[in-house]
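Q: I have a model open and I'd like to learn how to read its strands, charges and surface. Can we walk through it together?

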Amino acid sequence: MSYVRYKNNDLFVENVSVKKIVSKFNTPFYLYSEGGVIQNYKSFLNNFKKSRPLICFSVKANSNIQILKILKKMGSGADVVSGGELLKAIKSGIKPNKIVFSGVGKTEEEIRLAIKKNILLINVESENEAILINKVAGKLKKKTSIGIRLNPDINAPTHKKISTGKAEDKFGLSKTSLISFCLNSKKLRNLRLNAISVHIGSQILSENPFKKTLRVLEEIIKKTKINFKFVDLGGGFGITYKKSDRKINLKNYSNLVEKFRRKYNCNIIFEPGRAIVGDTAILVTKVQYLKKGSNKTFAILNAGMNDFMRIALYDAVHNIIPVVKNNKKNKGPLEFVGPICETTCKFIKYNKYQKLNQSDYVAISDVGAYGASLSSNYNTKPLIAEIIINKTKVRVIRKKQDIKSLLNQ
Ligand code: LLP
């Protein structure tokens, strides 16, 4: 996380100290590094540069329109999963011919929107969805471009709640169903089967499941003899949240992707989310109260599980780091918790931590992906602000939600 680092004892994002930001803005807030987003995009693309892939940033990871605009400028497309995300991606300037639309439950309205906008691919997840798309396209007198999503039945080592590529998961079509769909797809006259797509899960730190997936794709291409114009290899590339997380090595996989691309003469698409934005933000929050428990001290923060869900939802590990280091020791174990009235509104426990006082500021790390986008109004709390830094420039990219907007619903 080189864009978020200490200079002496002060935490900095790019060239601005977080201490300075908290003197100007009320906590809690998300704080991003624009340089980090740009750097991650470049290095992801660089991993696969030989294959010249289209990168469709997975908007669900972070749907702030200013982040989308930054990525659009870099040349990114978008992977969307709802009509809302589709409209937002277009509003950010991303051209429809760089947008792919996944999801098992697209509504007729969303399908109509996607067809009207002429997006690159609607990634179909069931035979019945294909039938509906064909019908809607017919009514609109259009031939629409689709991809068909494979469920390769591959167990990618990750948290069980974010795995998507096993037979028991709701996503995509099994190998046999997909092959028979491909062989019969001509009957759906308003569809153009342009792609095969796959996404096996998220936060995957081993390259092996990705390699296995390529082998299943080869098998299908050989059996169907279809020359797919696009092969969409999805996202899922993990980042290192904790010291024991192994950094994924994409070198070997990227060579295999390039071999595959040449052999089948197709265009490669990737849909990374976390790898682009995950380590680019911190959530800055204040210690509201310290409270003595029977065998630990609770540091009760002013940010809760409504602001950042990943820990409560997936038992994720996110370190909490001080905004100013003091090099003194805290007495006994310390647990960071939030204010929401749920036992799971807790973040992390440390046996050793620096001396902490009430009103100190701390930062939850690596919250750029599935942070703000997963936050909610639970306990009738307004959504918090999002701020981005570019070198020395500080920009609010989402204002804290006005509490009044919640009072009439
Ligand atoms: N493409 C598809 C079809 C997806 O379903 C996803 C994520 C992605 C791409 C992007 O995956 P990424 O590169 O970010 O791993 N909320 C969970 C993660 C859910 C992922 C859902 N699908 C979390 O916070 O860990």
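A: Sure. Keep in mind that this is a predicted model. Let's begin with a small sheet: three strands, 3 in number, ordered β1-β2-β3, form an open sheet with antiparallel pairing.

Q: Which strands stand at the edges of that sheet?
A: Those are β1 (4-7) and β3 (16-17); each has a single partner strand, so one side of each has no neighbour in the sheet.

Q: How many bridges hold β1 and β2 together?
A: β1 pairs with β2 (residues 10-13) in the antiparallel sense over 4 bridges. For one contact to look up, take R5, whose bridge partner in β2 is F12.

Q: What should I look for in the side chains of a strand?
A: Side chains in a regular strand alternate between the two faces of the sheet. Now try β5: L54, C56 and S58 point one way, I55 and F57 point the other way, and all are buried. That fits the count for β5 (residues 54-58), where 5 of its 5 residues are buried.

Q: Which strands does β5 run parallel to?
A: One is β12 (residues 267-270), joined to β5 by 2 bridges, and another is β6 (residues 77-80), joined by 3 bridges. On the β12 side, I55 has F270 as its bridge partner; on the β6 side, C56 is partnered by G77.

Q: On to charges. How many salt bridges are there?
A: The cut-off is a Lys or Arg side-chain nitrogen within 4 Å of an Asp or Glu carboxyl oxygen, and by that rule the count comes to 16 salt bridges. Among them is R395 with E34, with the closest N and O atoms 3.5 Å apart. This pair links distant parts of the chain, with R395 in strand β20 (residues 393-398) and E34 in helix α2 (residues 34-47), 361 residues apart.

Q: Are R395 and E34 buried or exposed?
A: Buried means under 20% relative accessible area. E34 has 10%, so E34 is buried, while R395 has 30% and is partly exposed.

Q: Which salt bridge does E335 form?
A: The side chains of E335 and K296 meet at 2.8 Å, N to O. E335 sits in strand β16 (residues 334-337) and K296 in the loop between β13 (281-292) and β14 (297-301), 39 residues apart. E335 counts as buried because its relative accessibility is 8%.

Q: Which residues form the positive surface patch?
A: K72, K73, K95 and K393 do. K95 lies in the loop between α4 (83-91) and β7 (99-101), and at 53% relative accessibility K95 counts as exposed.

Definitions and conventions
Residues are numbered from 1 along each chain as its sequence is written. This is a predicted model: local features need pLDDT of at least 70, side-chain atom pairs count only at pLDDT 80 or more; totals for chains, interfaces and linings use all residues. Side-chain values use heavy atoms; hydrogens and water are left out. Patches are made of residues with over 30% relative accessible area and no salt bridge: like charges are joined within 9 Å, nonpolar side chains (Val, Leu, Ile, Met, Phe, Trp, Tyr) within 5 Å. Accessible areas come from the Shrake-Rupley method with a 1.4 Å probe; for residues, only the protein chains shown count as cover. Lys and Arg count as positive and Asp and Glu as negative; His and the chain ends are not counted. The place of a charge is taken as NZ of Lys, CZ of Arg, CG of Asp or CD of Glu. Buried means under 20% relative accessible area, exposed over 50%, partly exposed in between (1.4 Å probe, protein chains only). Two strands pair if DSSP finds at least two bridges between them.
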